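Colleague: I should be grateful for a close look at one part of this model, namely the place where two of its domains meet. Please describe it in a connected account.

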Amino acid sequence: MRGEHGVQTLEFETVIGLEVHAQLLTKSKMYCGCSTAYASAAPNSHVCPVCLGLPGALPVINREAVSFTIMTGLALHCSTPSFSKFDRKNYIYPDLMKGYQISQYDLPFCLDGYLDVEVGSESRRIGIRRVHLEEDTARLVHREAGGETYSLVDVNRSGAPLMEIVSDPDLRSPEEARLYLVALRQILRYTGVSTANMEEGAFRCDANVSQRSSDGKIVGAKVEIKNMNSFRSVERALAYEVERQREALRNGEQIEQETRGWVEDRAVTVSQRTKEFAHDYRYFPEPDLPPLALRDAENDDLRQRMPELPRARIERFQRQYGLGQAEAQLLTTERVVADYFEAAASQDAQYARQLSNWVTGEMFALMRERGVDIDQINVTPRQLSQLVTLVESGKINTRTAKEVLIAVHETGSDPEQIVGDRGLSQVSDAAQLDVVVHAALDQNPAAVADYHDGKKNAIGFLIGQVMRQMGGTANPAIVRQLLIAALEERRTR
Ligand SMILES: [Zn+2]
C-alpha cells in the first residue's frame, strides 16, 4: 500500500515500559541515621559523614526500607528471592556525593510480578520486572546572578531511601501508561510505604518508548523519556513521542537510541544524550555492606502487616455493604476515605448505602469546596453516622441535613445537638403544615391557576413557598400530599 508521499504506509504498535522511583516513608535515611524529614529544613542540615560521602564512613542498611520494598513486591505479586545484595553503580555527577550510588544490580529484593490495570472496561495485566532499593542523590539548585549561572548543592536528600519499580514493556498507549501509574501510586499509598506524590518528587517516572510494526518486528530503537513531573505530563510527553517516532519511521528515517527530556512549556521532547554517551556504570558488589539472606518467616510477618489492597476491598465493599462496583471503586480510591466510610458504617451497618452516598456526595463536595482531604474535615465518622440516622428516621429532612453537616464541620458539635439547639427538627404534623399550605395557596393564586390549567410543575414552586415559610424544616413528602389535596379541593369549588 502506498501513502501520499509514495512511501509505504505502516501500521505501528507502541511499546512502553516504565521505571518508577518512589521515596520511602522511613524515619531515617537508607544507610545512615539522618532524618528524612528535611522537606522544610535548611539546606545541608540533615547530613553526616555517610550521606556526605566522606572517605572512611561506613553505611548501615535501613531495615524498614528493606521491609517496605518487600511489602511493595508482595503487593505486586512478585517473588522474593531468599538471597539479595547491594551493588555500587559508578558515575560522576555533582549531585552524587560518593561518586557511586549504592543500588542493586543482579539480585534485587523482588522479581517477576504484575499489576492489573483497568483500561476502560478491560483489565490489562502489566508485568513487573523487578523492585529494588537504592539511595537518592543530593539536590542541585541552579541560580543566575549578574549574567553568570551557578549551581548550589543541598545534601539533605542524599541517601534518602529510593525504591525503583521496573515494569515490563507491556504498555501499549500513553493512556495505559498513565493508568498504570495511578494504580501503582494507589498500591504504594495503601501499603503506606510512600506518599507517592508526583508533584513533590516522591514519585518519579522515566519511560522507554519504541514502535514496532504490525508483524511484531521492532522497527525503532528504544528511546528513554525523562523529566515528566505529573500524570498529565507523562501522558502528553508519551503521546508526543509516539507521534514523533511514527512520523520519522513513515519518512524512512531511523530511530536512534537516545535519552530525551520532556519540555513542559514547549510540549516537546528534546534529545539529551545519545547512545555513544551512554554510561558504563561498572557495577560491582558493595564491599561495605553484607549480602542479605531473607527468611520466609520475615516475609510472613510482612504479609501480616499488609493492609487489604484496593481490588480486594472493592469486592468486599460490594459484598458486605451491597454497594455497586462504581461506588465501591470511588470509596476505595484513597485508603483514608475507605477507612472513614468503614468507621462510619460500623456505627450502624443498616445505613451503609446511605453513608456511602453521603461520603461520595456531600463530604466530597465539602472537601472540594474547602480544598482539604477527608481527615481535615471536622466531622467524625460517628457524627456522620448520627446525621444519616437522623435523616433516615425522619427527624430531619435532607436539605436540613446538608446544613447540619456544615455546622458540624464548623462547630464540632454533634448533629443531634445542632438540630435541638437550632430547632431544625422536621415538621411532619399535618394539622400544623396544612395551615401553611392553605396560606401559600391564598398568596399565590397564579400558581394555583397554573396547576388547575394542567401545569403540574407549579407544585414545585408551591412546595418551595411552604418550605421557605417553615425555615426548611417541613417534611417535603407530607407537604406535597397536603398541597395536592388542597389544590384538588379548590378545583371543585
Ligand atoms: Zn547521614
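**The contact between domain 1 and domain 2**

Modeller: In this predicted model, seven residue pairs, both members at pLDDT 80 or more, are in polar contact between domain 1 and domain 2. On the domain 1 side, strand S5 (110-119) and helix H2 (174-191) each supply at least two of the residues that touch domain 2. Of the elements on that side, H2 gives the most, with four residues. By character, the domain 1 residues at this contact divide into three charged, three polar and two nonpolar.

Charged pairing also occurs here: the count between domain 1 and domain 2 is two salt bridges. Among the salt bridges of the model is that of Arg311 with Glu118, whose closest N and O atoms are 2.0 Å apart.

As to the wider setting, the protein chain is divided into domain 1 (12-293), domain 2 (308-422) and domain 3 (430-491). The contact between domain 1 and domain 2 takes eight residues from domain 1 and eleven residues from domain 2. The C-alpha centres of these two domains, domain 1 and domain 2, lie 38 Å apart.

The size of an interface is often expressed as the accessible area lost when the parts come together. Here, domain 1 and domain 2 bury about 850 Å² between them, with 50% of it on carbon and sulfur atoms. Within domain 1, the residues that lose the most area to domain 2 are Gln186, Arg189 and Tyr190, which together account for 68% of what that side buries.

Methods:
Residues numbered from 1 in each chain as written. Predicted model: local features only at pLDDT ≥ 70, side-chain atom pairs only at ≥ 80, totals over all residues. Heavy atoms only, no water. Domains from an automatic or database assignment. Contact = heavy atoms within 4.5 Å. Buried area = accessible area lost by both parts, 1.4 Å probe. Salt bridge = Lys/Arg side-chain N within 4 Å of Asp/Glu carboxyl O. Polar contact = N/O pair within 3.5 Å; in protein donor to acceptor, adjacent residues only side chain to side chain. Nonpolar A, V, L, I, M, F, W, Y, C, P; charged D, E, K, R; others polar.
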